[in-house]
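Here is a set of questions and answers on how the terms used for a structure follow from its values. Each answer sets a value against a cut-off and concludes.

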Amino acid sequence: MIGESIGDYEITGSLGKGGFGAVWKAKSHDGADVALKVLNPQALDNQKVVKKFFNEAMILARLDHPNITKLMEFFPVGENYAIVMEYVEGEELKKILKGFKGLMPFEQAYKIAHQCCEAFQYAHENGILHRDIKPGNIIINKTGDVKVMDFGIAKMSSTASHDTAASMLSIHYVPPERFDKNREVDARSDIYSLALVFYELFAGRRPFTATETSQIMFAHLNEIPDPPSKFSAALPKQLSDAIAKALEKDPDDRFRDFKAFADAMELANDDIDDATAVFEDLDLEQTIIVDTDTAPTAVEEKKKPTAMIAGIVAVIIIAGAAAGFFLTKKEAPPPGAATTSQQGPVKKDIAGPGTKNAKGFFEVQHPTDQSVMVHIPAGEFTMGSDQYSAEKPVQKISLSDYYIDKFLVTNALFQKFVDATEYQTDAEKDGAGLVRVGRRWKKVEGANWRSPDGVTGIDGREDHPVSQVSYNDARSYCQWAKKDLPTEAMWEKAARGPDGNEFPWGNEDPMEDTANHDSYVGSTTPVTAYEKGQSFYGIQDAAGNVYQWCRDWYATGERTPVDPTGPETGKEHVIKGGSFIEGMESLRSANRDRYEPKYSSFLFGFRCATGFPIEGLK
Amino acid sequence: MDWITIGSATDIGCVKEENQDYHTWHPREDDPPGRSGALLILADGMGGHADGAEASRLATATLLDLYLSHESDPVINTLQRGFIEANRIIFEKSADMLTAKGMGTTLVAAHIMGGKMQFAHVGDSRGYLINKTGITQFTEDHSYVASLVKAGVIAAEEAEDHPESHVLTRAIGLQESVMVDVSKQPLALKKGDYVLLCCDGLWGVVPDEEILARVRQIGEPDEISAKLVKQAVDNGGPDNITVLIARINKTGWISGLF
């Protein structure tokens, strides 16, 4: 590899290897040293991960801080991508800590801690979490300054954990809430991890000495660490207390953000002098020993992060990324932006009632339930797809004008309906509803629309889509509201538009901010939330959040080419749209599944449709 | 060798594009008589493109090499050294490659001689002992979820459906050093006992009771392996599947010597 060129860079040496690729030292054409990693996107299972990585890089690229290593360039190389980073001549904090027989001199330790706080505070203020803080990710350069690397890595890992690819995990610096798959990690998780690093910095050892993975987990969850001052008599109490607070098991008990942590770690100059003086008296090791990896223990991480996903590289952010190639200072277009239309909207020029929405289509308020409905003008659209046999054939279908709910029917609306009619849903009659727990479906007692998972209620979620409703329930609502369920064709046209888009917003893969899917959130979200993911016609949640019932009985094959309504009879009704759990395949507008009319699941909801014009419209 | 019958089967499964498992045993039919006892090795590779297949093959070959060239050393020491050597080789090899992504493998090996079995293991492939009392897993999964269960964070049933059930805490080739599990004491084997090695492509979709049922029902290692692999495929085959089984036909001081 040495001597070879990648792009404009010539490889001059090796910088080691992590769990997912080698890092090389290289020279740029103007003679500057850089660190270069090659990322093979094919190895990353699919383009979706690479795209997410791009988006991450663009966000991260806005970071510009002296204690954060810079991302300089990012460009394709054949089938791969090369990432060019600032080359930092220095040593990992991990190695430095190992090199000390006693404690690190206080002044040095404090400087490192202080700069770390600044770096993370800056990143957090810019909305970036690190998620993989450990001494292996903190470089100390020749002037003794901190350079933090590998921001953003663990965000990519959350993608991978849905893949079946096995990968490595090291858990010494992982916060306890990380072990509960249902909990979110946030800034306070980074605070915990950094506090562990500080503990080692100031106390000269880890708080938990277990070496076996399950014991380390247990320690994180249950063992209360000794305050670091126990191992360093001269350590100012203020710092010891701050570290102890940051190591609280419950994130609520830690500092709420990095600024609070940084403030708590800030010493008055006098205090620093006092502490330094004491340490000097103790006559401790003054120099940094920079080499030596003596028999590392098994679970110790190597220089480069062994993050959960293989293939994703540590990147560090920097200023100004454009989509993928040379980084410039231009603001990149946000993902899922207005690229939905391949042609303009169908111009039928019906000066309909109502007001035009962002996509140029008319919206009205339905007289009975006051829901916003979008007018879908008459015309053809491409239905179905070639990708799955259930979706075949691809057909041009012609539909008359109709209205469809812009948003999913909410808990608030459903409550109105129930108040007015005293309706009992199928799940309520049954005393139970279906909830997915892990990969299995379980019938949970007490699960119904008022408590879709059988555990939490809907208080505070009035604007979330109603769920744990069967086809029968949806139909009953529609009857009361003087509407109906959309036919599959009506639903699909409203979702994907006339030109066969794969997703409501176009053909780009779903992102975290265009659809509630893939357990990013892990529950329903307000029906107005995912504006970015609105369809060609301006309806929302046509992908993700909850599946939606359609009027049709399920069948496959050729459809009636004009206003199809599905077969006369059947056993199951069609559902469309994917859910907050589903991956991107189910989010495709052509995707379909089918269930019995009384089937009630916490992933199912609905929206209504009506013919055109609407009677009684103001 | 009539004191032991060894059989195996492997399949790519329904989802993966290539088979990254590798397995072997010694001695095979055409091997010249030499080393006594029998050694079974199974590896489940990971890594993009052909990296996983390369890793599992390389680990197996390295281990076998060391085993055959160190006849006089205690087996358990040789196995441990072999694992460590395999780790070093794969780790260094991928460091040299431009784009090696997470090239690594699980590895499990069982040595049987004179009615005793010893084993060495890293990763989430498994070794089972099947005898009159039933089926027992003698290896411990080096996986994130297994640690969660052991730490009391989740219940065993939750581990199967956990979104991170495939995340490992140890593997061959991904880090500079590796901690190898070895049997603390040899396990006793009797006539009619089975030693079964398999990767998560099997145990992830076929429950232990079913494995036991098949073994008892069928008897012949080759047939059992084939049936188990088929069962895994029928159950969805989300991963490559490999099964390697040894049946003990005779024990006693003389068996294992030929």
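Q: Among contacts in chain B between residues at least 6 apart in sequence, what percentage join residues at least 24 apart?
A: The model is a predicted one. In chain B, 73% of the contacts between residues at least 6 apart join residues that are at least 24 apart in sequence. For chain A, the corresponding value is 71%.

Q: How many helices and strands does each chain have?
A: Chain A has 14 helices and 23 strands. Chain B has seven helices and 13 strands.

Q: What share of each chain counts as buried?
A: In chain A, 58% of the 618 residues are buried. In chain B, the share is 57% of 258 residues. A residue is counted as buried when its relative accessible area is under 20%.

Q: What supplies the exposed area of each chain?
A: Chain A exposes about 24,900 Å², and carbon and sulfur atoms supply 49% of that area. Chain B exposes about 10,400 Å², with 52% coming from carbon and sulfur atoms.

Q: Why is the pair A:Y471 and A:W549 called edge-to-face?
A: Ring centres must lie within 6.5 Å to make a pair, and planes over 60 degrees apart count as edge-to-face. The centres of the A:Y471 and A:W549 rings are 5.9 Å apart and their planes are at 75°, so the pair is edge-to-face. The structure holds 30 aromatic pairs over all chains.

Q: What makes the pair of A:Y471 and A:W549 a tie between parts apart in sequence?
A: A:Y471 belongs to helix α12 (residues 471–481) of chain A, while A:W549 belongs to strand β19 (residues 547–553) of chain A, so the pair ties together parts that are 78 residues apart in sequence. Both A:Y471 and A:W549 are buried.

Q: Which residues form one aromatic cluster with A:W449?
A: The cluster joins A:W449 with A:F414, A:F417, A:Y423, A:Y477, A:W480 and A:F606.

Q: How do you know that a charge sits over the ring of B:W203?
A: The charged atom has to be within 6 Å of the ring centre and within 35 degrees of the ring normal. The charged end of B:R126 sits over the B:W203 ring, 3.7 Å from its centre. Likewise, the charged end of A:K245 sits over the ring of A:F255, 5.3 Å from the centre.

Q: Which residues have the most contacts inside the largest nonpolar core?
A: They are A:F198, A:L201, A:F202, A:F261 and A:M265, in a core of 53 residues. Several elements of chain A each supply at least two residues of this core, including α3 (106–125), α5 (187–203) and α7 (237–246). The largest share, 11 residues, comes from α5(A).

Q: Which residues does A:F198 touch, not counting residues up to four places away in sequence?
A: A:F198 touches A:A113, A:C116, A:C117, A:A203, A:I243, A:F261 and A:M265. A second, separate core has 31 residues, among them A:A447, A:Y477, A:W549 and A:F606.

Q: What makes A:D186 and A:R188 a salt bridge?
A: The cut-off is 4 Å between a side-chain nitrogen and a carboxyl oxygen. The closest N and O atoms of A:D186 and A:R188 are 3.0 Å apart, and the two form a salt bridge. The structure holds 44 salt bridges over all chains.

Q: Why is A:R188 called buried, and what is A:D186 called?
A: Buried means under 20% relative accessible area. A:R188 has 18% relative accessibility, so this residue counts as buried. A:D186 has a relative accessible area of 26%, so this residue is partly exposed.

Q: Where do B:E92 and B:R88 lie?
A: Both are in helix α2 (residues 75–96) of chain B, four residues apart, about one turn of the helix. Their side chains meet in a salt bridge at 3.1 Å, N to O.

Q: Why is B:D234 called exposed?
A: Exposed means over 50% relative accessible area. B:D234 has 52% relative accessibility, so this residue counts as exposed. B:K230 has 46% and therefore counts as partly exposed. B:K230 and B:D234 form a salt bridge, with their closest N and O atoms 2.9 Å apart.

Q: Which residues are linked with A:R496 in a network of salt bridges?
A: The network links A:R496 with A:E488, A:E492, A:K576 and A:R592.

Notes: Residues are numbered from 1 along each chain as its sequence is written. Chains are lettered from A and ligands numbered from 1 in the order in which they are written. This is a predicted model: local features need pLDDT of at least 70, side-chain atom pairs count only at pLDDT 80 or more; totals for chains, interfaces and linings use all residues. Side-chain values use heavy atoms; hydrogens and water are left out. Rings of Phe, Tyr and Trp (its six-membered ring) pair if their centres lie within 6.5 Å; planes under 30 degrees apart count as stacked, over 60 as edge-to-face and the rest as tilted. Buried means under 20% relative accessible area, exposed over 50%, partly exposed in between (1.4 Å probe, protein chains only). A nonpolar core is a set of buried Ala, Val, Leu, Ile, Met, Phe, Trp, Tyr and Cys residues joined through side-chain atoms within 4.5 Å. Contact means heavy atoms within 4.5 Å. Accessible areas come from the Shrake-Rupley method with a 1.4 Å probe; for residues, only the protein chains shown count as cover.
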